[in-house]
Number of protein chains: 2
Amino acid sequence: MDQNTNFPPADDLKIRWKRIRQSLLENRMEACLISSGVNIYYLTGHIFGGYVYLTADDDPIYFFQRPAGWDHPQAVPIRKPEDIPALLKERGMKLPGNIGLEADQITYNEYIRLQAVFNPATATNVTPILRKVRMIKTPWEIQQFRISAKKHAEAYRHIPSYFRPGMTDIELQNEIEREMRSKGSIGLFRAFGNNMDIYMGSLLSGDNAETPSPFDFALGGGGLHPSLPIGANGSILRTGNAVMVDMAGNYTAYITDMTRTFSVGKLSEKAYRAHQVSIDMNNRLMNTAQPGTSCAEIYNWSLQMAEEAGLGDCFMGTRQQAKFVGHGVGIEINELPVMTSRSQDLLQPGMVFAFEPKFVLHETGAVGIENTYLVTENGLEKLTVFEEEIREL
Amino acid sequence: MDQNTNFPPADDLKIRWKRIRQSLLENRMEACLISSGVNIYYLTGHIFGGYVYLTADDDPIYFFQRPAGWDHPQAVPIRKPEDIPALLKERGMKLPGNIGLEADQITYNEYIRLQAVFNPATATNVTPILRKVRMIKTPWEIQQFRISAKKHAEAYRHIPSYFRPGMTDIELQNEIEREMRSKGSIGLFRAFGNNMDIYMGSLLSGDNAETPSPFDFALGGGGLHPSLPIGANGSILRTGNAVMVDMAGNYTAYITDMTRTFSVGKLSEKAYRAHQVSIDMNNRLMNTAQPGTSCAEIYNWSLQMAEEAGLGDCFMGTRQQAKFVGHGVGIEINELPVMTSRSQDLLQPGMVFAFEPKFVLHETGAVGIENTYLVTENGLEKLTVFEEEIREL
């Protein structure tokens, strides 16, 4: 197997395969064929061009087209997916009667093509199974979050040193990006679903924090250009502005999500009060959440606390308010579970999620914090440990 | 209409709509419903969450879900795509008998859902139509490339000043990223097709240039982490190494693609010779290409020149050799046409494409140049004007 510590050990992959196999059986799928990059990475620890074929009872086969010459015990070169059935038959494996395909991830035409490869099998959507399995992290995955979280906090420590009076939001973000890249940030920010574009994260300050975004992130911002309307928009960071930094901690394939708020000079009393409510919500979460806690309940009491503080109209935005207050993280920034009023999920050990109660204040900007938490048998462990008060730049 | 010069003027959008309408008619589609970010941007100059509905005879309607409160004369708020038919009927528009959907861009489940919205219409793949129309750039789009190209060249001018002996490939890349971001690079690097991940571009040096990649870019590289196996891998830039810089010039939504080669100390005689062959190929292209030139022919004579120079075995890679030598650029890095032996495309005025004949030399790294060219009535115009010789760092 792969020796490099950047690769998951065999034991860890076996946990994943076993969970998926069990779920395939429960959903009456005899096999699945995986072709999205994130799920290939999850199943193998590699990114390759090709397909992972996993049956309900065998270890997966890595059918690959690229990279050329790849040498791996489970890898089998193919020219095209249509080669797969004959290769399965050569191995004495029967073709599945029901095959799982990633209906929420691959294009219509790719799905139709793969369906034809296994004709006359029935095809079923395997995306929800993978999303559910990926929701519960393995021991190696949890280690990866710890690596990301530690470096993420270290990067935020340097933020005040990069501030200069008169600089713009994007200038400060650029310095943070450089700091993160120089310490090993992979840069790429993966998200589930189409049209969830962003570049390494967001920095919001002043009125720009109110600008609604077309994307399903917690907050918006106008962005630098109409082709990427999210985050910093080139505004000068002025005295009295809050500066919310929400960059992705992607130092491994597993992204930690952490937001901290800085200030240029002093903020309004309301801003400090709202920020404290966000800290209080994080503390309440730490003190009460445990396996079995309802994700919907977490959203509901967060909204209630915001309203009781008289801050309901600026909770999770003003002109556009996000209807969630937390979300699973992993290889993608928006994994399961989601802390929203309609969630059916209960917390389970091994879940890793971000909790981000935020307030947007006219003229000031956004305040609040976001942490990434691991659900353990006993409650929560905070992965993103870093001072939570508003720090003056 | 939108006043900001970052938005395309109405005249320019009308050119696009007209071309698509004509193509819909030719392909017997009465309408198309567009939901991919890049095509929404192409059709409207905006990114929004929702759908563009374009019939063969009317201007498009922008059905949007987000951002909240968007005020635009063509924009109509919806909660879900299922709202669209009733809204069309309200406007006295009949439902189409044949609807174009983006079968090569949207997921299987999204396609099925949209198909059901227009049931019992026949659905046809509209992706190839959009790709063909987008292949011929409008006047405003060409302006955008000029802006990107100028800033792209300006960024490369600074590269030598960032080099320090003993630094790694990724450290140098990080400085270039910072330079580009500080001058307005949007950062996000859009590509057509699944599993084409990269972060702002690639810097290749030494043996890493030979590492095959799973992605369909011209060259590979091992990358920083198995979850993003492309580009710089943390190697120290050593005397005798070529340093190939191939970053995306995405200062507007239109990406210029430009590669230049630098050196640490002097390179081998073979490296300079191979680099000159790449320059010669670019000069031949400039001197011969014009409307009507076959894209396949461009590939074929490039390969032939490489072979005649005794460099066929290191042309476009060694362990894995790309089978194309150029590609259209635009909102995405990999648009039409493609300079490959199987291309049926002929050059047409308004095409913008990158030409990137490269050689990978064992131990040295990659050499060669890449320029972005505009096809005019009279031949080619080089957009990425910047010195082409190998520059010693």
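**Exercise 1. Determine how many salt bridges the rule finds across the interface of chain A and chain B, and describe the side of chain A that takes part.**

Across this interface the rule finds eight salt bridges, a salt bridge being a side-chain nitrogen of Lys or Arg within 4 Å of a carboxyl oxygen of Asp or Glu. The structure is a predicted model, in which local features need pLDDT of at least 70, side-chain atom pairs count only at pLDDT 80 or more, and totals for chains, interfaces and linings use all residues. Side-chain values use heavy atoms, with hydrogens and water left out, while residues are numbered from 1 along each chain as its sequence is written, and chains are lettered from A and ligands numbered from 1 in the order in which they are written.

Step 1. Between R190(B) and D197(A) there is a salt bridge whose closest N and O atoms are 2.8 Å apart.

Step 2. The count of residue pairs in polar contact between chain A and chain B is 25, both residues being at pLDDT 80 or more; a polar contact is a pair of N or O atoms within 3.5 Å, where within protein one must be able to donate a hydrogen and the other to accept it, and residues adjacent in sequence count only if both atoms are side-chain atoms.

Step 3. On the side of chain A that touches chain B, the elements giving two or more residues are helix 2 (37-44), helix 4 (108-117) and helix 8 (169-182) of chain A, and helix 8 of chain A gives the most, with eight residues. Helices (H or I, at least four residues) and strands (E, at least two) are DSSP runs, numbered from the N terminus.

**Exercise 2. Establish what area is buried between chain A and chain B, and how the two copies are related.**

Step 1. In contact with one another are 60 residues of chain A and 60 residues of chain B, where contact means heavy atoms within 4.5 Å.

Step 2. About 5000 Å² is buried between chain A and chain B, and carbon and sulfur atoms give 52% of that area; buried area is the accessible area (1.4 Å probe) that two parts lose on being put together, summed over both. Of the area that chain A buries against chain B, Y108(A), R181(A) and Y199(A) supply 15%, more than any other three residues.

Step 3. A turn of 180° and a shift of 0.0 Å along the axis lay chain A on chain B with an RMSD of 0.0 Å, the copies being superposed by least squares on the C-alpha atoms of residues with pLDDT of at least 70 in both. The two copies are therefore related as by a two-fold rotation axis, and the same surface serves both, since 100% of the contact residues of chain A recur in chain B.

**Exercise 3. Find which parts of chain A the salt bridge of E335(A) and K137(A) ties together, and locate the unusual backbone features.**

Step 1. The closest N and O atoms of the salt bridge between E335(A) and K137(A) are 2.9 Å apart. Because E335(A) lies in strand 11 (residues 335-340) of chain A and K137(A) in the loop between helix 5 (127-135) and helix 6 (139-157) of chain A, the pair ties together parts that are 198 residues apart in sequence.

Step 2. Most residues other than glycine have a negative phi, and most peptide bonds are trans. R66(A) and P67(A) are joined by a cis peptide bond with omega of about 5°, and P67(A) is found in the loop between strand 3 (61-66) and strand 4 (75-77) of chain A.

Step 3. M316(A), a residue other than glycine, has a positive phi near 65° and lies in the loop between helix 10 (295-308) and strand 10 (324-328) of chain A.
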